[in-house]
Amino acid sequence: MIVKLNRRGQIGDDISGGIDVTKKIIFVVDDETTMRFVYREILADEYELHCFENPQQMLDMADNIKPDLAILDIGLVGMNGYELCGVFKKKQKMEDVPVVFVTGQDFSLDKGQAFFSGASEYVTKPIDADEFLVLVQELLLESSSELIVH
């Protein structure tokens with residue numbers, strides 16, 4: 001059975017804007033159309049994917065829906081991925097959401113800054129679809145088990 005939640009997160013008949021609670025929710029922010037397509041190809045069958053072109057779109061959606069995972073590009077316009085991660089993690093109830101940075105940059109300074117800003121993982125492009133799917137599955141499993149333990 002699929003339970004639909006209304007915009008206030010309540011179970012009800014109003015399914016406009018509802019979400020499928022049987023699937024984990026993943027937010028993706030990447031300004032490259034090609035990369036958003038790649039993420040859809042890898043993840044959309046198993047997860048409810050919300051792809052955004054810019055950081056503000058994701059932050060606005062996070063006011064209404066809590067994702068189970070966030071995937072962020074570092075080189076975003078207006079607010080880079082580090083800044084976005086910091087703002088996102090400060091939102092109410094978002095501090096425990098795993099964040100994966102995916103970037104074309106492979107510098108130890110960038111990795112350090114990514115983890116300092118709250119990232120769980122740092123992946124360089126091009127990504128391997130199978131490895132990336134396994135990484136996502138592992139992060140979601142870890143975050144689910146942390147909720148059970150606490």
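A residue is called buried here when its relative accessible area is under 20%. With that idea in hand, the predicted model can be explored from the whole fold down to single side chains. Of the 150 residues in the protein, 43% are buried. The accessible surface comes to about 8600 Å², and carbon and sulfur atoms contribute 52% of that area.

The fold is built from five helices and five strands, arranged along the sequence in the pattern β-α-β-α-β-α-β-α-β-α. Among contacts with a separation of 6 or more, 54% join residues 24 or more positions apart.

Helix H3, spanning residues 81-90, is a friendly place to look closer. Its buried residues are Gly81, Tyr82, Leu84, Cys85, Phe88 and Lys89. Why do they lie on the same side of H3? The reason is that they cover an arc of only 160 degrees around the axis. As a general rule, an α-helix has 3.6 residues a turn, so residues three or four places apart point the same way. The buried residues of H3 pack against strands S1 (25-29), S3 (69-73) and S4 (99-103), together with helices H2 (55-62) and H4 (108-116). At the N-terminal end of H3, asparagine 80 acts as a cap, with a side-chain oxygen 2.9 Å from the backbone nitrogen of tyrosine 82.

Aromatic rings add another detail, with three aromatic pairs counted. One of them joins tyrosine 39 and phenylalanine 132 in a tilted arrangement, with 5.8 Å from centre to centre and 45 degrees between the planes. This pair links distant parts of the chain, since tyrosine 39 sits in helix H1 (residues 33-43) and phenylalanine 132 in helix H5 (residues 129-149), 93 residues apart. Both tyrosine 39 and phenylalanine 132 are buried.

Technical notes:
Residues are numbered from 1 along each chain as its sequence is written. This is a predicted model: local features need pLDDT of at least 70, side-chain atom pairs count only at pLDDT 80 or more; totals for chains, interfaces and linings use all residues. Side-chain values use heavy atoms; hydrogens and water are left out. Rings of Phe, Tyr and Trp (its six-membered ring) pair if their centres lie within 6.5 Å; planes under 30 degrees apart count as stacked, over 60 as edge-to-face and the rest as tilted. Helices (H or I, at least four residues) and strands (E, at least two) are DSSP runs, numbered from the N terminus. Buried means under 20% relative accessible area, exposed over 50%, partly exposed in between (1.4 Å probe, protein chains only). The arc is that of the directions from the helix axis to the C-beta atoms. Contact means heavy atoms within 4.5 Å. A polar contact is a pair of N or O atoms within 3.5 Å; within protein, one must be able to donate a hydrogen and the other to accept it, and residues adjacent in sequence count only if both atoms are side-chain atoms. Accessible areas come from the Shrake-Rupley method with a 1.4 Å probe; for residues, only the protein chains shown count as cover.
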